[in-house]
Each structure stands twice: as C-alpha cells, then as structure tokens.
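Q: I'm new to this one. Can you walk me through it?

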Amino acid sequence: MSASVQCFGKKKTATAVAHCKAGRGLLKINGSPIELVQPEILRLKVYEPLLIAGVDKFANVDIRIRVSGGGHTSQVYAIRQAIAKAIVAYYQKFVDEQSKNEIKAALVQYDRTLLVADPRRAEPKKFGGKGARSKYQKSYR
C-alpha cells in the first residue's frame, strides 16, 4: 500500500475530499486538472495553499479531489481547505514533524480557514417574511 492520506474540506454545504498520495505532482479536481477550475476569478483561491506552502512541497505528491454540494464559491473554498489539510496530514504522517509545522504555521498565518472549517450555515426561512429574519412590512390602516 502506497503512502496516502484522505482529508476533507467543507464550506456551507460543499464538501471536498482530497486523497493525497506519493506521486509526481498531479493535482486533479473531479478528474480534471487544477488549471481548469471554474470560475476563473476564484482559480487563484485554489492555488493559495500551493503558493503559500511552496510549490516544491507538492512536487512529490499526487492529490485527487472529489467535490460535491454547494455553489461555485463554496466548492472552491472547500477544495482549498481540503488541499491544505491533506498536505499537512501527509507531511505529518510520512515526512517529518518540523516541515509539517512550518507548512501549518505558514497556512494559518495567511488564512485560518485553510485548516479550520467555517461553522456558519444558512439559517432556515421563517413564515411572515421573505427570509430568515426580514419580515413583511405591516401597516395599521
């Protein structure tokens, strides 16, 4: 069995599962290369964990990601969290503790949501209004 770890990232209802194993630097999202992430504006968000940790850290690992649920933006945030958590877990399990701590410190210092999930969820709609909190206007006459 090759050295591999599985990690997940979540944002709202989007879930991304990253399967990270020893390899030669492949990054696939739902079977397509990371360069083709849509929408283009958010593509840089997916690259963030790579750029912060350093591209050299990803040179000898393959990461395959399955993502489902949520919308475009939350899927992108789930993917970047899955990538960040997977590389940290891989370095902890198969490389050394010190390089894992370096990567982790760099990621957390840049953006905490890369490793820690955002617990906020959409509040359910109530009656008497168009959303969770807003109410229809009332008049007395």
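A: Helices and strands here are DSSP runs, at least four residues for a helix and at least two for a strand, numbered from the N terminus. This is a predicted model.

Q: OK, where is Asn30 found?
A: Asn30 sits in the loop between β3 (27–29) and β4. Its phi is positive, about 50 degrees, although Asn30 is not a glycine.

Q: What sign does phi usually have?
A: Most residues other than glycine have a negative phi.

Q: And how accessible is Asn30?
A: Asn30 has a relative accessible area of 48%, so it counts as partly exposed.

Q: What about Lys12, what is phi near there?
A: Phi of Lys12 is near 55 degrees, again a positive value in a residue other than glycine. Lys12 belongs to the loop between β1 (4–11) and β2 (14–22).

Q: Is Lys12 buried or exposed?
A: Lys12 counts as exposed because its relative accessibility is 53%, and the cut-off for exposed is over 50%.

Q: Switching topic: which peptide bond is cis?
A: The one from Gln38 to Pro39 is cis, with omega near -10 degrees. Pro39 is in the loop between β4 (32–33) and α1 (43–53).

Q: Now the largest nonpolar core. Which residues touch the most other members?
A: Ile63 and Ile83 do, in a core of 34 residues. Elements that each supply at least two of its residues include β1, β5 (61–68) and α3 (97–110).

Q: Which element gives the most to this core?
A: α2 does, with 11 residues.

Q: What does Ile83 touch?
A: Leaving out residues up to four places away in sequence, Ile83 touches Ile34, Val46, Pro49, Leu50, Phe58, Ile63 and Ile65.

Conventions:
Residues are numbered from 1 along each chain as its sequence is written. This is a predicted model: local features need pLDDT of at least 70, side-chain atom pairs count only at pLDDT 80 or more; totals for chains, interfaces and linings use all residues. Side-chain values use heavy atoms; hydrogens and water are left out. Buried means under 20% relative accessible area, exposed over 50%, partly exposed in between (1.4 Å probe, protein chains only). A nonpolar core is a set of buried Ala, Val, Leu, Ile, Met, Phe, Trp, Tyr and Cys residues joined through side-chain atoms within 4.5 Å. Contact means heavy atoms within 4.5 Å.
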